[in-house]
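Readers who meet a protein model for the first time may wish to be led through it one part at a time. The account below is offered as such a guide.

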Amino acid sequence: MFPLDEYKVRMNHTKQKMMEYGIEVLLVSNPSNMYYLTGYNAWSFYVHQILVVMIDEEQPIWIGREMDAHSAKVTTWLDENHIIPYPDEFVQSSIKHPMDFVANILIEIGQGSRKIGLEMDSFYFTAMCYERITTQLPDAEFRNYNTLVNWVRLIKSDLEIEYMRRAARILENAMTAAYETADVGVRENDVAAAITAAQIRGTAEYGGDYTSIVPMIPTSENTASPHLTWTDRRYVEGDYLTIEIAGAYKRYHTPMSRTMAIGHAPDKVTELSKVVQEGIETTLDAIQPGMTAEEVEAIWSRTIAKRGYYKESRLGYSIGLSYPPDWGEHTVSFRKGDKTILQPNMTFHLMPGIWLDNYGVEITESILITENGCETFADFPKPLYVKEANSSKSKQLF
């Protein structure tokens with residue numbers, strides 16, 4: 001958990017946003033936002049749970065499954081009067097729904113006819129949630145404010161940044177495990193297992209958390225599809241792979257991608273890796289607070305355009321704490337049209353991968369916006385990594 005004063009600041013910032021948008025009650029279903037505001041941390045987001053934030057109440061109310069109420073007691077700063085469990089008969093029932101229970105609680109505490117904000121595009125708020133809560137509260141006025149708390153999370157505290165630095169140390173160990181394990185005759189799933197073990201093992205000083213995304217390690221032609229995971233195929237000499245993984249500490253994520261080859265790298269991969277590396281280095285050198293998100297993307301696009309390349313997808317996105325299935329914050333994106341101004345203590349995954357018809361290269365960094373520019377969280381070589389087949393020897397292509 002964070003210090004109580006930090007939670008109170010987060011609550012005040014959230015309520016300030018609620019006032020700006022004319023919301024009196026905010027129903028938080030995103031477990032990242034729930035964690036941010038209260039510290040609640042359990043693998044219970046596969047069932048419905050809600051945090052009720054009221055504009056005129058100091059503490060929010062956590063409503064969740066009965067067997068998870070103790071998790072709320074031991075992980076949050078809330079007192080027991082603000083932890084309300086629903087019986088198990090509401091779990092995955094075709095008759096009763098947890099939102100019926102939530103609606104009844106809101107009516108009981110005098111919140112049933114207020115202006116209520118919903119996280120309607122959250123992974124965890126379903127169409128049935130919306131139908132049941134709006135039906136049960138006919139006098140309420142509902143509005144969609146899906147990322148209200150996400151935007152409050154955008155500028156990190158010093159302790160949050162420290163957690164991301166620790167995640168970066170774990171990330172470095174996990175990427176090293178990938179490099180050391182991938183070899184001729186080794187199965188893709190064995191590399192994924194080595195990465196996952198390193199992610200959870202962490203460092204000698206602190207352990208790692210589970211990450212919101214599993215290792216994505218497509219091989220050779222499949223590198224054109226960056227979100228493939230692994231198979232039980234064995235590597236052969238001449239294979240190349242992209243590795244997109246993260247370290248996580250207390251739910252705070254630091255992701256990174258690298259590209260490696262076994263035995264030798266095809267010329268096309270070597271050439272494309274040079275383009276991507278030049279693009280990311282140029283962009284990192286140029287980033288400054290006060291720039292807009294779209295200006296960051298423009299620097300990258302101009303750099304790779306000189307080499308005849310173009311990238312359609314966004315260049316990066318805001319990161320911090322997260323739960324499956326994503327480690328992005330769903331706020332700022334480095335792409336055309338995003339005029340968000342960069343400020344110190346914002347954190348991003350700078351994601352300059354290029355994916356062509358039958359191959360791709362990824363070299364990415366998690367970055368912190370500082371007073372004078374930006375810094376990378378991880379300290380790990382960027383160049384294409386070429387490992388001699390069946391050997392501990394390797395080389396980097398610059």
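The paragraphs that follow discuss strands, a helix, a buried arginine, cavities and pockets in turn.

The model is a predicted one. A convenient place to begin is strand S1, which covers residues 25-28. In a regular strand the side chains alternate between the two faces of the sheet. In S1 both faces are covered: Val25 and Leu27 are buried on one side, and Leu26 and Val28 are buried on the other. S1 pairs with two strands described here. With strand S5 (residues 115-118) the pairing is parallel and comprises 3 bridges, and valine 25 has isoleucine 116 of S5 as its bridge partner. With strand S2 (residues 50-54) the pairing is antiparallel and comprises 4 bridges; here valine 28 stands opposite leucine 51.

Helix H2 occupies residues 31-38. Is this helix mostly covered or mostly exposed? H2 is mostly covered, for 8 of its 8 residues are buried. The buried residues are Pro31, Ser32, Asn33, Met34, Tyr35, Tyr36, Leu37 and Thr38. Both ends of the helix merit attention. At its start, a side-chain oxygen of asparagine 30 comes to within 2.8 Å of the backbone nitrogen of serine 32. Just after H2, glycine 39 adopts a positive phi of about 95°.

A second group of strands forms an open sheet. The sheet has 5 strands, arranged in the order S10-S9-S11-S14-S15, and their pairing is antiparallel. Strand S10 (328-333) and strand S15 (374-376) are the edge strands, each of which pairs on one side only. From one strand to the next, the twist averages 40°. Strands of a sheet pair through backbone hydrogen bonds, either parallel or antiparallel. Between strand S9 (residues 316-319) and S10, which run antiparallel, there are 2 bridges. Tyrosine 317 has serine 333, in S10, as its bridge partner.

Strand S8 (residues 252-262) contains arginine 258. Why does arginine 258 count as buried? Arginine 258 is classed as buried because its relative accessibility is 0%, and the cut-off for that class is under 20%. Its side chain is engaged in polar contacts. One of these, of 2.7 Å, joins the side chains of arginine 258 and glutamate 365. In addition, a polar atom of the arginine 258 side chain lies 2.9 Å from the backbone oxygen of phenylalanine 380.

Attention now turns to empty space. Rolling a probe the size of a water molecule over the atoms shows where empty space is left. A search of the whole structure finds 2 cavities of 30 Å³ or more. The largest cavity holds about 80 Å³ of space. Its lining includes Asn30 and Ser32, together with Tyr323, Asp326, Gly328, Glu329 and His330. S10 provides the largest share of this lining, with 3 residues. By class, the lining of the largest cavity consists of 3 nonpolar, 6 polar and 3 charged residues.

The second largest cavity has a volume of about 60 Å³. Among the residues that line the second largest cavity are Asn30, Asn33, Phe123, Asn150 and His330. Its lining divides into 1 nonpolar, 7 polar and 2 charged residues. Asn30 therefore belongs to the lining of both cavities, and the side chain of asparagine 30 is also the one that reaches toward the start of H2.

The pockets complete the tour. The largest pocket contains about 400 Å³ of space. It is lined by 18 residues, and those nearest its centre are His13, Trp151, Val152, Leu154 and Ile155. Helix H1 (4-21) and helix H6 (148-152) each contribute at least two residues to this lining, and H1 gives the most, with 8 residues. The lining of the largest pocket has 8 nonpolar, 5 polar and 5 charged residues.

The second largest pocket encloses about 310 Å³. Of the 20 residues that line it, His227, Glu244, Arg314, Tyr317 and Met351 lie nearest its centre. S9 and S10 are the elements that give two or more residues to this lining. The largest share, 6 residues, comes from S10. In the lining of the second largest pocket, 8 residues are nonpolar, 7 are polar and 5 are charged. S10 thus gives the largest share to the lining of the largest cavity and to that of the second largest pocket.

Technical notes: Residues are numbered from 1 along each chain as its sequence is written. This is a predicted model: local features need pLDDT of at least 70, side-chain atom pairs count only at pLDDT 80 or more; totals for chains, interfaces and linings use all residues. Side-chain values use heavy atoms; hydrogens and water are left out. Two strands pair if DSSP finds at least two bridges between them. Axes are lines fitted to C-alpha atoms, for helices over the stretch in contact, and angles run from 0 to 180 degrees between N-to-C directions. On a 1 Å grid over the protein atoms alone, a cavity is a set of points where a 1.4 Å probe fits but cannot get out, and a pocket is an open set with protein on both sides within 12 Å along at least five of seven lines; lining residues have an atom within 4 Å of a point. Grid points are joined across faces, edges and corners, and a volume is the space filled by probe spheres set on the points. Ala, Val, Leu, Ile, Met, Phe, Trp, Tyr, Cys and Pro count as nonpolar, Asp, Glu, Lys and Arg as charged, and the others, Gly among them, as polar. Buried means under 20% relative accessible area, exposed over 50%, partly exposed in between (1.4 Å probe, protein chains only). A polar contact is a pair of N or O atoms within 3.5 Å; within protein, one must be able to donate a hydrogen and the other to accept it, and residues adjacent in sequence count only if both atoms are side-chain atoms.
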